[in-house]
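Welcome, and please open the model in your viewer. We will go from stop to stop, selecting a few residues at a time.

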Amino acid sequence: MEIIDCLSSSSDDSEDSDSEMFFNVFFPSSCPQEKKVRVANFVEDVIDRYNDKQFRDQFRMNRSTADYLINKYESSSFGCINDGRGRKGIPPKTQILAFLWFSANKDSYREVCNLFNMAESTFFSHLNDVLDFFYDISKQYIHFPDTDEGKERLAAGFEKISKLSNVIGCIDGSYVSIRKPANKIRSTYINRHDMVSITLQGVCDAEKKFLDVCVGSPSKIHDSRIFSLSPLSDDLPQICNGRFHLLGDAAYPLREYLLTPYRDDGRLTRKKRKYNLNHAQTRVKIENAFSLLKTRFRQLMRLDFFTVERMCKFVMACCVLHNICISMNDYFEIDDDITQQESSVNQSRNPVQPNDPDVRSSALRRLGEIKRDNIADSLQ
């Protein structure tokens, strides 16, 4: 593996960027430039020589999936590089591979830059481009079906699990551990486990693909409040159209389009216990989706970005990648430790079901109770 010497370049990022914050704090402009020693031709001499198993072990996805992403990025406006006079730009292939390596492993910015032979400021700049690219294509890969036929296919997938009909998605929230965002109050982001985190609200299908994602809310906020603030709460009645519904845990309000389990007061009938069991067997898909997401993209174990905006874009990019991998039959084994941690945290996230304060909410809840009772009565 060849090693080369190069000079570190000063940061040219915008005033609110992570890179300028980093370099202004730790590397003032008055400091002399230092020689950096980095790996040369890491992509050509190492990554391109990986066999399929070695590539998958390092990037947590198949080479064919990475090639698909590279081609899509190269053909977009975000993958353009400077081919004219001046310093030669970083190839789109290297930009994507550096991002995938960074996402799949818990490496620092400096480690990734050393491997892929780029200055820290250059990596920050291209990271912006890649994140904007994934945000731009997110609606192509994360969305509910537009037609009843598509929704019926979703419902058929869930019905095979536990015989619950007309289910088109499972909803839940997951903590994403973060560093305290710049210029923010730490206590705002403290969750019930005394961790600094933001909440990722997701809806998935039976294949664990995300149908809707909302991220960025401080985890101090209750899941029901996050749901009410998300665009999904306004869109769901139209999406479900009185026929379909999502499954959520007791943290969510019971509605005709969002069914929760019966509260176990020790006096549940056999049908209600059966409904709760089938509900749990189906809703676990969203917990599995979060576990798979964090297993594949290890940076989500703790995000070290300075700004909430960049954190949200990175989480969104990982969700898009997650769906692309599943669409290309690029499956990955879920880490049992992450699954147990996700389940343990989920059980104590929002133990109290919110009340419906007004008449309209109470009426909507009553419609949900009627629908839930009818489904429970239909179970054998």
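## First stop: H143

Select H143 and look for F210 and L211, which H143 touches when residues up to four places away in sequence are not counted; contact means heavy atoms within 4.5 Å. This is a predicted model, in which local features need pLDDT of at least 70 and side-chain atom pairs count only at pLDDT 80 or more, while totals for chains, interfaces and linings use all residues. Residues are numbered from 1 along each chain as its sequence is written, and side-chain values use heavy atoms, with hydrogens and water left out.

H143 sits in the loop between α7 and α8 (148-162). Helices (H or I, at least four residues) and strands (E, at least two) are DSSP runs, numbered from the N terminus. With 40% relative accessibility, H143 counts as partly exposed; buried means under 20% relative accessible area, exposed over 50%, and partly exposed in between (1.4 Å probe, protein chains only). Now add C204 to the selection: the C-alpha atoms of H143 and C204 are separated by 9.9 Å, and the two residues are 61 residues apart along the chain.

## Helix α7

Next, select residues 120-141, which form helix α7. How far apart are the end C-alpha atoms of helix α7? They are 30 Å apart, which agrees with the 32 Å that the 22 residues should span at 1.5 Å a residue; the expected span is 1.5 Å times one less than the number of residues. Then click on Y135, where α7 bends by about 30°. The bend is the angle between axes fitted to the seven residues ending at a residue and the seven starting there.

## Where α5 meets α12

Show helix α5 (residues 92-104) together with helix α12 (residues 308-327). Two packed helices are described by the angle between their axes and the distance between the axes. Here the angle is about 100° and the axes are 12 Å apart. Axes are lines fitted to C-alpha atoms, for helices over the stretch in contact, and angles run from 0 to 180 degrees between N-to-C directions. The pair α5 and α12 is therefore roughly perpendicular, a term for angles of 65 to 115 degrees.

To see the contact, display F99, L100, F102 and S103 of α5 along with F314, A317 and L321 of α12. By class, this contact of α5 with α12 has six nonpolar, one polar and no charged residues. Ala, Val, Leu, Ile, Met, Phe, Trp, Tyr, Cys and Pro count as nonpolar, Asp, Glu, Lys and Arg as charged, and the others, Gly among them, as polar.

## Two positive phi angles

Go to N41, in the loop between β2 (35-39) and α2 (42-45). Its phi is near 60°, a positive value in a residue other than glycine. N41 counts as partly exposed, at 38% relative accessibility.

Then pick K163, in the loop between α8 and β3 (167-177). K163 has a positive phi of about 70° although it is not a glycine. Is K163 buried or exposed? With a relative accessible area of 66%, K163 is exposed.

## D249 and K271

Select D249, in the loop between β6 (245-247) and β7 (258-259). D249 counts as buried, at 13% relative accessibility. Add I171: D249 and I171 are 78 residues apart in sequence and 8.0 Å apart in space, C-alpha to C-alpha.

For the last stop, choose K271 in helix α11 (residues 270-296). K271 touches A376 and D377, again not counting residues up to four places away in sequence.

Definitions and conventions: Parallel < 35°, antiparallel > 145°, perpendicular 65-115°, else oblique.
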